[in-house]
Amino acid sequence: TNCQTYNQNGHAGTIYPGCYQGLNLNAATTFAPGVYVISGNFNDNGATITGSGVTIYVPQGGNGPNFDNQSVQLSPPTSGNYANVLYYQVPSNSASINFNGPNVKMNGLLYAPGSNSVNFDGANGNYVVLVFGSANFNGNTAYEFASPSPGQAIVKQAVVTQ
């Protein structure tokens, strides 16, 4: 796989779907709709991150995000093969993930069953499904695990595989 490195260097901008060996964000960043494969480091040094229709895929060897007290507002696609999947980390990847802070607003499926070091600080009123090896629920935020909007479901079909 031919993955690129993206260094924001303090300039606000939009990034586009693709494979990233390194993703280094440090300013206002908009994720355009699509799938982002993070095969290496994911550094988000205080960046303000927004995007809708986004799926983040982290294979073996990739690092999860450290959304720690940042402003993050991400939502998954509402249709297609990745409908309602915001974050998918392959089960064999045990990388740590931080979804911390009162301004981290996400909805959809956050899937990282191999990670035993997930810090989570609330869905902030959004509908979220969590699948982690284990998690720490941090902070003083009131957790709101609500049902999806009328007429919508996050889990369309459950399938057990081995």
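Thr-14 stands opposite Thr-30 in β4. The model is predicted. Three bridges join β2 to β4, and these two strands run parallel. Beyond this pairing, the briefing covers the rest of the sheet, the aromatic pairs, the nonpolar core and a buried loop asparagine, Asn-93.

**Sheet**
- The β2 and β4 strands belong to an open sheet of five strands with parallel pairing.
- The strand order is β2-β4-β6-β9-β12.
- β2 (13-15) and β12 (104-106) are the edge strands. Each has a single partner strand, so one side of each is left without a neighbour in the sheet.
- On average, neighbouring strands of this sheet are turned by 20° against each other, direction ignored.
- Strand β4 covers residues 29-31.

**Aromatic pairs**
- A search of the whole structure finds eight aromatic pairs.
- Phe-42 and Phe-67 form one that is edge-to-face. The rings are 5.8 Å apart centre to centre, with 90° between the planes.
- Phe-42 lies in strand β5 (residues 34-44), and Phe-67 in strand β8 (residues 66-68). The pair therefore ties together parts that are 25 residues apart in sequence.
- Phe-42 has a relative accessible area of 4%, so it is buried.
- Phe-67 is buried too, because its relative accessible area is 1%.
- Ring pairs link Phe-42, Phe-67, Tyr-87, Phe-99 and Phe-132 into a cluster.

**Nonpolar core**
- In soluble globular proteins, nonpolar side chains tend to be buried together.
- The largest nonpolar core here has 29 residues.
- Phe-31, Phe-67, Phe-99 and Leu-110 touch the most other members of this core.
- Leaving aside neighbours within four places in sequence, Phe-67 contacts Phe-42, Asp-44, Ile-49, Val-72 and Leu-74. Phe-67 is also in contact with Asn-98, Phe-99, Asn-100, Val-104 and Met-106.

**Asn-93**
- Asn-93 sits in the loop between β10 (85-89) and β11 (97-100).
- Asn-93 counts as buried because its relative accessibility is 4%, and the cut-off for buried is under 20%.
- The Asn-93 side chain reaches the backbone oxygen of Pro-59 at 2.7 Å.
- Not counting residues up to four places away in sequence, Asn-93 touches Val-58, Pro-59, Gln-60, Gly-61 and Gly-62. Gly-114 and Ser-115 are also touched by Asn-93.

Terms used:
Residues numbered from 1 in each chain as written. Predicted model: local features only at pLDDT ≥ 70, side-chain atom pairs only at ≥ 80, totals over all residues. Heavy atoms only, no water. Core = buried A, V, L, I, M, F, W, Y, C linked by side-chain atoms within 4.5 Å. Buried < 20%, exposed > 50% of the residue type's maximum accessible area, 1.4 Å probe, protein only. Contact = heavy atoms within 4.5 Å. Helix = DSSP H or I, 4+ residues; strand = E, 2+ residues; numbered from the N terminus. Polar contact = N/O pair within 3.5 Å; in protein donor to acceptor, adjacent residues only side chain to side chain. Pairing = 2+ DSSP bridges. Axes fitted to C-alpha atoms, helices over the stretch in contact; angles between N-to-C directions. Phe/Tyr/Trp six-rings, centres within 6.5 Å; stacked < 30°, edge-to-face > 60°.
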